[in-house]
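Open the model in your viewer and keep the sequence panel beside it. Each stop below says what to select and what is there.

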Amino acid sequence: MNESKSRPVAVPTIQIRNDRMIVTRWRFAPGAETGWHRHAHDYIVVPLTSGQLLAESDEDSTIFDLDTGMSYTRNAGVEHNVININDFEFEFVEIEILNQE
């Protein structure tokens, strides 16, 4: 795992939390990061901004081009850190699926 380079911290705001899901709006100042974390549940990301994010993992670093409203999904389990590499604020909504019956 890579060490953070004293970046600003992205700001999460939980909008919904119940027995089926957690919905969090993330706001990233330029250069801000989530910090290293691992999701315990599958999740969906809905970008509210178009731009690029850098995703760091133990294995590699990948730049993702994201478009407003173009959702994507990820499976639980991969430890990662997400960084806003734009020179503007970036936002997305993250929906974690807790109850998958």
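A salt bridge here is a side-chain nitrogen of Lys or Arg within 4 Å of a carboxyl oxygen of Asp or Glu. Residues are numbered from 1 along each chain as its sequence is written, and side-chain values use heavy atoms, without hydrogens or water. This is a predicted model, in which local features need pLDDT of at least 70, side-chain atom pairs count only at pLDDT 80 or more, and totals for chains, interfaces and linings use all residues.

**Stop 1: a charged network**

Select R25, R27, E89 and E91. Salt bridges link R25, R27, E89 and E91 in a network. Zoom in on R25 and E91: their closest N and O atoms are 2.7 Å apart. This pair links distant parts of the chain, with R25 in strand 2 and E91 in strand 8, 66 residues apart. Strands are DSSP runs of E, at least two residues long, numbered from the N terminus.

Now look at E91 and R27. Their side chains also meet in a salt bridge, 4.0 Å from N to O. Here 64 residues separate E91 in strand 8 from R27 in strand 2.

Are these residues buried or exposed? Buried means under 20% relative accessible area, exposed over 50%, and partly exposed in between (1.4 Å probe, protein chains only). E91 is buried, at 14%. R25 is partly exposed, at 31%. R27 is partly exposed too, at 40%.

**Stop 2: another salt bridge**

The structure holds 6 salt bridges. Select R7 and E56 for one of them, with closest N and O atoms 3.8 Å apart. R7 sits in the segment before strand 1 (11-17), and E56 lies in strand 4, 49 residues away. Both R7 and E56 are buried.

**Stop 3: strand 8 and its partners**

Show the backbone of strand 8 (90-97). Two strands pair if DSSP finds at least two bridges between them. Strand 2 and strand 8 pair in the antiparallel sense over 8 bridges. Find I22: it stands opposite E96 in strand 8. Strand 3 also runs antiparallel to strand 8, joined by 5 bridges. There, I44 has I95 as its bridge partner. Of the 8 residues of strand 8, 6 are buried, so this strand is largely enclosed by the rest of the structure.

**Stop 4: the rings**

Select W26, F28 and F92. Ring pairs link W26, F28 and F92 into a cluster. Rings of Phe, Tyr and Trp (its six-membered ring) pair if their centres lie within 6.5 Å; planes under 30 degrees apart count as stacked, over 60 as edge-to-face and the rest as tilted.

How many aromatic pairs does the structure hold? There are 2. W26 and F28 form a tilted pair, 6.2 Å centre to centre with 35° between the planes. F28 and F92 are tilted as well, at 5.4 Å and 35°. F28 belongs to strand 2 (residues 21-28) and F92 to strand 8, 64 residues apart. W26 is buried, at 13% relative accessible area. F28 is buried at 0%.

**Stop 5: the largest pocket**

Select Y43, A55, R74, H80 and V82. Of the 24 residues that line the largest pocket, these are the closest to its centre. By class, the lining has 11 nonpolar, 8 polar and 5 charged residues. Ala, Val, Leu, Ile, Met, Phe, Trp, Tyr, Cys and Pro count as nonpolar, Asp, Glu, Lys and Arg as charged, and the others, Gly among them, as polar. Colour strand 4 last: it gives the largest share of the lining, 4 residues. A pocket is an open set of points on a 1 Å grid over the protein atoms alone, where a 1.4 Å probe fits, with protein on both sides within 12 Å along at least five of seven lines; lining residues have an atom within 4 Å of a point.
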